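Could you walk me through this structure in the viewer, one selection at a time? I would like to know what to click on next and what is there.

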Amino acid sequence: MAQPVLVKNLAIGEGQPKIAIPLTAPTLSGLEEALDSLAEAPCDLAEWRGDCYASIREPGSWQAPLALFRQRIPHLPLLFTIRTTVEGGQLEISTEDYVRLLEEAMDSGAMDLVDMELSRGKDVMEHLVNRAHRAGIKVVGSCHDFQKTPSRETLVRTLCTMQDLGCDLAKYAVMPQKEEDVLTLLAATLEMKEAHPRTPVITMAMGPMGAITRIGGGRFGSAVTFGTAGAASAPGQLPADLLAQVIQRV
């Protein structure tokens, strides 16, 4: 069994899957409104989708949102994510600028976890992982396929690669084209739990067909499920209050 990842008072990978709520507003005032909604929802950690923030590429633009999060949700672990267009996100950015942006954000000391895309290359991920760990920040390695579901072998190999590169959690999201794809994702998740438990993993199949993985993925070994308290950040996300009601019964 994988050792849980401890962030603030939260043990990710222990007990029920933790509920993460993404914050996707493009403006500071929008983030304030999103935090009002989050306050009414069951939430174990918050994810700031920096790629959705309109001024994220302006130097220091992340400082005001991070200050807002420190003020409003100091008790919640904060995951900082720049989801690029390569992996289905909002920001088209060069690898050099991606690295610079993550380094600047990590140097602020205002986040607890940071998402890093494997598609930027193994050397880039290894560099950023080392930088994050020096700053005391946990790393969520990530890979997203919005077109298909790779084979079970590919899913497992990719998740293991993220473990090998030092990620504290390894995440893979896929797009199922048929019901069998959902089973493939769950089988890979279970294999990671049983055969490669170096770190907790986070997996999900996106879209309506994959909704069952957001509810029942914890039974197979997925440590976090992403829910909504407002706008969704990926296809198939379910309201956080519904997730909270269901996952404790699965």
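Here is a short tour, stop by stop. Please keep in mind that this is a predicted model.

**Stop 1: the sheet**

Start by showing the strands as a cartoon. Nine of them make up an open sheet, in the order S9-S8-S7-S6-S5-S4-S3-S10-S11, with parallel pairing. Which strands stand at the edges? They are S9 (201-205) and S11 (238-239); each has a single partner strand, so one side of each lacks a neighbour in the sheet.

**Stop 2: from the S9 edge inward**

Select S8, residues 169-174, together with S9. Five bridges hold this pair in the parallel sense, and Lys171 sits opposite Ile202 of S9. Now add helix H6, residues 179-195, which packs on the sheet and touches S8 and S9. The direction of H6 makes about 170° with that of S9.

Moving along the sheet, pick S7, residues 138-145. This strand is mostly covered, with seven of its eight residues buried. S6 (residues 113-117) runs parallel to S7, and five bridges join the two. To see the register, show Glu117, which stands opposite Ser142 in S7.

**Stop 3: S5 and S4**

Next, show the side chains of S5. In a regular strand, side chains alternate between the two faces of the sheet. Here Leu78 and Phe80 point one way while Leu79 and Thr81 point the other, and all are buried. S4 runs parallel to S5, joined by four bridges, and Trp48 is found opposite Phe80 in S5.

Keep these strands on screen and add helix H2. H2 packs on the sheet, where it touches S3, S4 and S5 (78-81). Its direction makes about 165° with that of S4.

**Stop 4: helix H1**

Select residues 28-38, which form H1, and colour Gly30, Leu31, Ala34, Leu35 and Leu38: these are buried. Why do they line one face of the helix? Looking down the axis of H1, the buried residues fall within an arc of 145°, so they line one face. An α-helix has 3.6 residues a turn, so residues three or four places apart point the same way. To find what covers the buried residues of H1, show S3 (18-23), S4 (45-49) and H2 (63-72), which are among the covering elements.

**Stop 5: two helices side by side**

Hide the sheet for a moment and select H3 (residues 95-107) with H4 (residues 122-134). Their axes are 10 Å apart and the helices pack at an angle of about 10°; H3 and H4 are therefore roughly parallel to each other.

Show the side chains where they meet. H3 brings Thr95, Tyr98, Val99, Leu102, Glu103, Met106 and Asp107, and H4 brings Val124, His127, Leu128, Arg131 and Ala132. Sorted by class, this contact holds seven nonpolar, two polar and three charged residues.

**Stop 6: S10 and the other edge**

Bring the sheet back and select S10, residues 224-228. Five of its five residues are buried, so S10 is largely enclosed by the rest of the structure. Val224, Phe226 and Thr228 point one way from S10, whereas Thr225 and Gly227 point the other way.

On one side, three bridges join S3 to S10 in parallel, with Ile19 opposite Thr225. S10 also pairs with S11 in the parallel sense, over two bridges, and there Thr228 faces Pro239 of S11.

**Stop 7: two residues of H8**

Just a few clicks remain. Is Ala240 of helix H8 buried or exposed? At 0% relative accessibility, Ala240 counts as buried. Leaving aside neighbours within four places in sequence, Ala240 contacts Ile19, Ile21, Ala41, Pro42, Gly227 and Thr228.

Asp241 is also found in H8, residues 240-247. Asp241 is partly exposed, with a relative accessible area of 43%. For a distance to try in the viewer, go from the C-alpha atom of Asp241 to that of Trp48: they are separated by 19 Å, and lie 193 residues apart along the chain.

**Last stop: Lys8**

Finally, go to the loop between S1 (5-7) and S2 (10-12), where Lys8 lies. Phi of Lys8 is near 55°, a positive value in a residue other than glycine. Most residues other than glycine have a negative phi. Lys8 is partly exposed, with a relative accessible area of 43%.

Notes
Residues are numbered from 1 along each chain as its sequence is written. This is a predicted model: local features need pLDDT of at least 70, side-chain atom pairs count only at pLDDT 80 or more; totals for chains, interfaces and linings use all residues. Side-chain values use heavy atoms; hydrogens and water are left out. Buried means under 20% relative accessible area, exposed over 50%, partly exposed in between (1.4 Å probe, protein chains only). The arc is that of the directions from the helix axis to the C-beta atoms. Contact means heavy atoms within 4.5 Å. Axes are lines fitted to C-alpha atoms, for helices over the stretch in contact, and angles run from 0 to 180 degrees between N-to-C directions. Angles under 35 degrees count as roughly parallel, over 145 as roughly antiparallel, 65 to 115 as roughly perpendicular and the rest as oblique. Ala, Val, Leu, Ile, Met, Phe, Trp, Tyr, Cys and Pro count as nonpolar, Asp, Glu, Lys and Arg as charged, and the others, Gly among them, as polar. Two strands pair if DSSP finds at least two bridges between them.
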